[in-house]
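These are notes for a first reading of the structure, set out as numbered points. Please keep the display open and find each residue as it comes up.

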Amino acid sequence: MRIAYFDCFSGVSGDMCLGALVGAGWPAAELEALPKRLGLDQVRIEIGEARRGPFVARRVEVRVEGRQPHRHLHHIVAMIERGDLDAGVRERAIAVFTRLAEAEAEVHGSTVEKVHFHEVGAADALVDVVGTVEGLRALGVGEVYASPLRLGRGAVQSEHGLIPVPAPATTLLLRGVPVEMPDIEAELVTPTGAALLTTLVRHWAEPPPFKLERVGTGAGGRDLKEQPNVLRVLIGERAGAGAGAAPGAPVRRRVAVLETALDDDNPQFVAALLPRLLERGALDAMVIPNLMKKGRPGLLLVVIAEPSGAEELAQLLLRETSSLGVRMRHDDRLELERRAVEVATPFGPIALKVATLPGDGYRAVPEFESVRAAAERSGRPLREVAEAAVAAWKQGGGGA
C-alpha cells in the first residue's frame with residue numbers, strides 16, 4: 001500500500017497541502033484545471049516557488065476575480081456533486097466540509113443547515129479541499145499518517161473581528177488530535193487545514209517502515225522568523241514483512257489492544273461510543289456480548305489502536321463508560337498489503353479496496369459508502385451495486 005506522511009512541524013493549511021502534493025509529483029496542470037471542473041467562475045490558480053528558510057517550496061495561490069457569495073453546506077455539496085470528480089473524491093471532500101460545518105455550528109450555537117462558511121466557504125477553500133483529496137488519489141495514496149500539529153499563538157482578524165489563535169473552529173476540529181503550542185505568534189493551523197487532516201488522517205503517529213519514493217514541500221503564505229513555514233509530505237510504499245519477503249507476504253507490525261468488561265452500562269451508550277473511538281484514531285472497535293460473574297450478561301469492549309494513541313483512547317473509555325479499569329497490551333498483527341482502486345459500473349464509479357493475498361491472488365471489497373452513494377443515485381439495491389463493482393474489477397483483470 002502507498003502511504004503519505006504529513007510532516008506538520010510548522011502547522012498545516014489548505015494551500016500548503018496543495019503545494020506539497022504538487023511538489024511530490026501531482027501534475028500542476030491537473031490542479032490548474034480544477035476550478036473549471038468545479039464550475040468556479042473567475043477563479044484561477046497560480047503555482048510558483050517561494051523560499052522559506054533553507055527550503056525552496058511550492059507556493060499555490062488561488063486568485064479570485066469578482067465577489068464570491070457566502071455558501072451554506074448544501075451549496076458546497078451541490079457544487080462538489082456536480083463537479084467532474086470521481087466518486088471517492090466527492091465523498092471525502094463532502095466529509096471535510098461537513099466537519100467544517102459541524103465545527104462552525106458548534107462555535108456559533110447554530111445548526112449545520114444555517115451555518116454559512118464565510119472565508120471557509122470561499123472559492124479558495126473549495127479548491128484547497130477538493131484539490132488535496134484529488135492530489136492524494138492521483139498519487140495513489142491509500143493511507144495517510146501525520147505528525148502532531150503545532151498550533152501557534154496570538155490573534156487574527158476575521159469577519160467576526162479579532163479572534164484568538166488557534167481559531168475557535170480549529171480547536172473544536174482538533175479534539176482528540178495530538179497538538180503542540182510553540183511560542184510563535186502566527187496561525188499555523190487553519191480551519192481548512194484542520195478539517196482536511198482530521199478527516200483524511202487515520203494515524204497521528206510516525207508511519208510504519210516504507211520505501212520513500214516522493215517528497216513534496218509546500219510553502220505557507222508568510223515567512224516566519226522562528227522556523228521555515230513549510231509543510232512536507234513523504235510518500236512511498238509500505239515495506240513488506242522483511243527483506244526477501246515473497247510477493248503478497250503480510251506486513252507485521254505492533255498494535256495496542258485495549259479491553260474492558262462492562263456489566264452495568266447502557267448498551268446503547270456503548271454502541272454510540274464505537275464511531276467516536278474510530279474518529280479519535282482507533283484502528284478497530286467492537287463489542288462482544290459475554291456472561292460475567294454471578295451470571296450477569298455483560299459486554300466486552302475491545303479497541304485496536306496505534307501504540308502512540310492507546311493512552312488517550314484508554315482515558316476516553318474511562319470517561320465515557322462505567323469501567324473502573326482498562327487492560328492494555330501490545331500484540332503483533334499481520335496485515336495484508338492493500339490499495340484503493342476505482343471501477344466503472346452501470347451505476348457510476350465505485351471505490352474498492354484490493355488486498356494482495358499471501359502466495360498468489362487478490363481480494364476486492366467495495367467501499368460501503370461508495371456503494372451506498374451509487375445505490376441512492378440509481379435506486380438499485382446495495383447488493384446489486386456491490387456485485388457489479390466486483391464484476392467490473394474482475395473484468396478489468398482482477399489485480400491490484
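1. Start with Gln42, which sits in the loop between α3 (34-37) and β2 (43-52). The model is a predicted one. In it, Gln42 has a positive phi of about 55 degrees, although Gln42 is not a glycine. Most residues other than glycine have a negative phi.

2. Lys294 is another residue to check, since its phi is positive, about 60 degrees, and Lys294 is not a glycine. The place of Lys294 is the loop between β12 (284-291) and β13 (297-305). Is Lys294 buried or exposed? Its relative accessibility is 76%, so Lys294 counts as exposed.

3. The next item is a peptide bond. Val165 and Pro166 are joined by a cis peptide bond, with omega at about 0 degrees. Most peptide bonds are trans. Pro166 belongs to the loop between β7 (161-164) and α7 (168-173).

4. Helix α1 (14-23) deserves a look for its surroundings. How many of the ten residues of α1 are buried? Nine of them are, so α1 is largely enclosed by the rest of the structure. The buried residues are Gly14, Asp15, Met16, Cys17, Leu18, Gly19, Ala20, Leu21 and Val22. After α1 comes Gly25, with a positive phi near 120 degrees.

5. The loop before α1 brings in an aromatic contact. A search of the whole structure finds one aromatic pair. Phe9 and Phe55 form this pair, with 6.5 Å from centre to centre and 35 degrees between the planes, and the pair is tilted. Phe9 lies in the loop between β1 (2-7) and α1, while Phe55 lies in strand β3 (residues 55-64). The two are 46 residues apart, and the pair links distant parts of the chain. Phe9 counts as partly exposed because its relative accessibility is 23%. Phe55 also counts as partly exposed, at 25%.

6. Two helix packings follow. Two packed helices are described by the angle between their axes and the distance between the axes. For α5 and helix α6 (residues 123-138), the angle is about 140 degrees and the axes are 9 Å apart. That angle makes α5 oblique to α6. The crossing of α5 and α6 is right-handed. On the α5 side the contact is made by Val89, Arg92, Ala93, Val96 and Phe97; on the α6 side it is made by Ala125, Leu126, Val129, Val130, Val133, Glu134 and Arg137. By class, the residues of this contact are nine nonpolar, no polar and three charged.

7. The second packing involves helix α9 (residues 267-279) and helix α10 (residues 310-320), whose axes come within 11 Å and cross at roughly 155 degrees. What does this make the two helices to each other? Angles over 145 degrees count as roughly antiparallel, and α9 and α10 are therefore roughly antiparallel to each other. Their crossing is right-handed. From α9, Leu273, Arg276 and Leu277 take part, and they meet Leu313, Leu316, Leu317 and Glu320 of α10. The contact of α9 with α10 has five nonpolar, no polar and two charged residues.

8. Helix α11 (residues 368-378) has several buried residues: Ser370, Val371, Ala373, Ala374 and Ala375. Which elements cover them? The cover includes α5 (87-108), β16 (348-356), β17 (362-366) and α12 (382-395). Helix α5 thus appears in this point as part of that cover, and in point 6 as a partner of α6. Just after α11, Gly379 takes a positive phi of about 75 degrees.

9. The last residue to find is Arg254, in strand β11 (residues 251-262). Arg254 has a relative accessible area of 44%, so this residue is partly exposed. Which residues does Arg254 contact, leaving aside its neighbours within four places in sequence? They are Pro307, His330, Asp331 and Asp332. Between the C-alpha atoms of Arg254 and Pro208 the separation is 9.5 Å, and these two residues are 46 residues apart along the chain.

Technical notes
Residues are numbered from 1 along each chain as its sequence is written. This is a predicted model: local features need pLDDT of at least 70, side-chain atom pairs count only at pLDDT 80 or more; totals for chains, interfaces and linings use all residues. Side-chain values use heavy atoms; hydrogens and water are left out. Rings of Phe, Tyr and Trp (its six-membered ring) pair if their centres lie within 6.5 Å; planes under 30 degrees apart count as stacked, over 60 as edge-to-face and the rest as tilted. Helices (H or I, at least four residues) and strands (E, at least two) are DSSP runs, numbered from the N terminus. Buried means under 20% relative accessible area, exposed over 50%, partly exposed in between (1.4 Å probe, protein chains only). Axes are lines fitted to C-alpha atoms, for helices over the stretch in contact, and angles run from 0 to 180 degrees between N-to-C directions. Angles under 35 degrees count as roughly parallel, over 145 as roughly antiparallel, 65 to 115 as roughly perpendicular and the rest as oblique. A crossing is left-handed if the near helix is turned anticlockwise from the far one by less than a right angle, and right-handed if clockwise. Contact means heavy atoms within 4.5 Å. Ala, Val, Leu, Ile, Met, Phe, Trp, Tyr, Cys and Pro count as nonpolar, Asp, Glu, Lys and Arg as charged, and the others, Gly among them, as polar.
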